[in-house]
Every structure is written in C-alpha cells, then in structure tokens.
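The exercises below go from the whole chain to a single side chain. Work through each task with the model at hand before reading its solution.

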Amino acid sequence: MGVEVKQSEYLTVENTSEIENIEKRSRFIGRCFPVSSESEAIALLENIRKEDWDATHHCYAYRLKNGAARYSDDGEPSGTAGMPMMDVLARGNLCGVLVVVTRYFGGILLGTGGLVRAYTKATSDAIRSAGVVRMTPCVCYLVECPYPAWNSMRLLLDQFGRIDETDFAEIVRCNVWIKEEQTHSFFHSVTERFEGRIAPQEQKRAFFPFPVTEVEQ
C-alpha cells in the first residue's frame, strides 16, 4: 500500500505515547511512535512483544514517508484490527508513524464490530496523546537582540515562527524557525521594525514540527 506525501510538508506525531482502554474486560494498550524506517518500526514492535510476552495479540500498523506501509491483525479475525488501524493513519494522512495495540483478552467476545471499534479507538487515542504535528521546511535563524527591544522582537518572532532556544546573557540570543515561504516577509518586518539594527543570521535548513489543531485533523 503506497502513501501519498506532499514533498513540501507532511503530518506525523511528535512524541511517543501509551494509552489503555478497557472493553468488556479486555485490555487494549495503544502505543504510538514516530519512526523513520521499517527496521525501526520492526525493532519497536519486537520490544513490545518481549515486554508484553503474555498478551493475546499485538496488532500494528505503520506508514512511512517513503511510501512503505504494513499492518497485521496478529490472530484477530481478518479485517478487525490491522486494517482499521491503518485506516486511522490514512484518514489523518499521517506518515512516519507506528501504532501498536496490545490486547489482553478478558474472556468476553466483542464480535467483529466491537473489535473494529476497540482497535480504532485505541489507535486514535494513542495518536492524539502523541500529538500530531506538521513537519514543514524551515530556515533556522540566530537572532541577537538587546533587552530593551526584546518584547517587541518576541511578538514578531511568535508571529512568524517558533522559538526553539533562548539565552539571556548580556543580550538575548535565540534560535527561531521560520517557514521557508515566509523568510522574505520575516526579514522585511525585522528590518523595518528595528531600522536595520538587527539582522537574523541563517544557521541551517530542515523540517521543523508545527502543532496541528483538532480542527485540522
């Protein structure tokens, strides 16, 4: 199964997470991870299998930025676990993500519909807990600012990007990530507001995570 990914940006999760749901005495433990390769995804899955060796099922789904995608029902009835989990990733257009849902059977059958709902919910809850972010091509700038101008500079930086690191020494130094398409406007605004006295210095170019709101998901 392929994954369509925009070259300019993509959605993924920012952190690892673990949640637990109970459905008719069965425990569903949902874990979510940001991953960059199949080998990383498989290694994480194997660690979970070793950690929860006595679980009934370890169902999983992952989608990578390079298009690789895989899922497994791990012994659950066909189509009741892995595919619903993959559907959650696909609907959210997420990639670089592994979700593993571990089930401890509680003695009560859930039926096909109940299993689909349980695995879908565990996947969605784990992803929400991990935090969805939009990885965006950015330029990282070093900004050096005298203290009297910092409040005004901070408002400007918050308007255009995300401050990553700040050092309050003899002057304020910070790294700020600006989306590539906004760099011209950013420089123009800094030059205009501070009359050319402050000049951001480019440090590097890379993808940087920006939070995604519930409305966007």
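The radius of gyration is taken here over C-alpha atoms, and the globule rule is 2.2 Å times the number of residues to the power 0.38. The model is a predicted one, and every value below is computed from it.

**Exercise 1. Set the radius of gyration of the protein chain beside that of a compact globule of 217 residues.**

Step one is the reference: a compact globule of 217 residues would have a radius near 17 Å, whereas the protein chain has 22 Å. Step two turns to the extents, since the C-alpha trace spans about 70 × 30 × 30 Å along its principal axes. Step three adds the composition of the fold, with five helices and 10 strands in the secondary structure, and with 47% of the 217 residues counting as buried.

**Exercise 2. Establish the strand order of the open sheet of five strands, and explain why S2 and S5 each have one side without a neighbour in the sheet.**

The order is S2-S3-S6-S4-S5, and the pairing is antiparallel. Strand S2 (17-23) and strand S5 (69-72) stand at the edges, and because each has a single partner strand, one side of each is left without a neighbour in the sheet. From one strand to the next, the twist averages 15°. For the pairing of S5 in detail, four bridges join it to strand S4 (residues 57-63), the two running antiparallel, and Tyr60 stands opposite Ser72 in S5.

**Exercise 3. Describe how helices H1 and H2 lie across the strands, giving the angle of each to S4.**

Helix H1 (residues 38-51) lies across strand S3 (26-34), S4, S5 and strand S6 (97-104), and runs at about 165° to S4. Helix H2 (residues 82-91) lies across S4, S5 and S6, running at about 30° to S4. Buried residues of H2 are Gly82, Pro84, Met85, Met86, Val88 and Leu89, and their cover includes S4, S5, S6 and helix H3 (111-130). Just after H2, Asn93 takes a positive phi of about 55°.

**Exercise 4. Is Thr123 buried or exposed, and with which residues beyond four places in sequence is Thr123 in contact?**

Thr123 belongs to helix H3. The cut-off for burial is under 20% relative accessible area, and Thr123 counts as buried because its relative accessibility is 0%. A polar atom of the Thr123 side chain lies 2.8 Å from the backbone oxygen of Tyr119. Once neighbours within four places in sequence are left aside, Thr123 is in contact with Met85, Val88, Val99 and Val101; of these, Met85 and Val88 are among the buried residues of H2.

Conventions. Residues are numbered from 1 along each chain as its sequence is written. This is a predicted model: local features need pLDDT of at least 70, side-chain atom pairs count only at pLDDT 80 or more; totals for chains, interfaces and linings use all residues. Side-chain values use heavy atoms; hydrogens and water are left out. Two strands pair if DSSP finds at least two bridges between them. Axes are lines fitted to C-alpha atoms, for helices over the stretch in contact, and angles run from 0 to 180 degrees between N-to-C directions. Contact means heavy atoms within 4.5 Å. Buried means under 20% relative accessible area, exposed over 50%, partly exposed in between (1.4 Å probe, protein chains only). A polar contact is a pair of N or O atoms within 3.5 Å; within protein, one must be able to donate a hydrogen and the other to accept it, and residues adjacent in sequence count only if both atoms are side-chain atoms.
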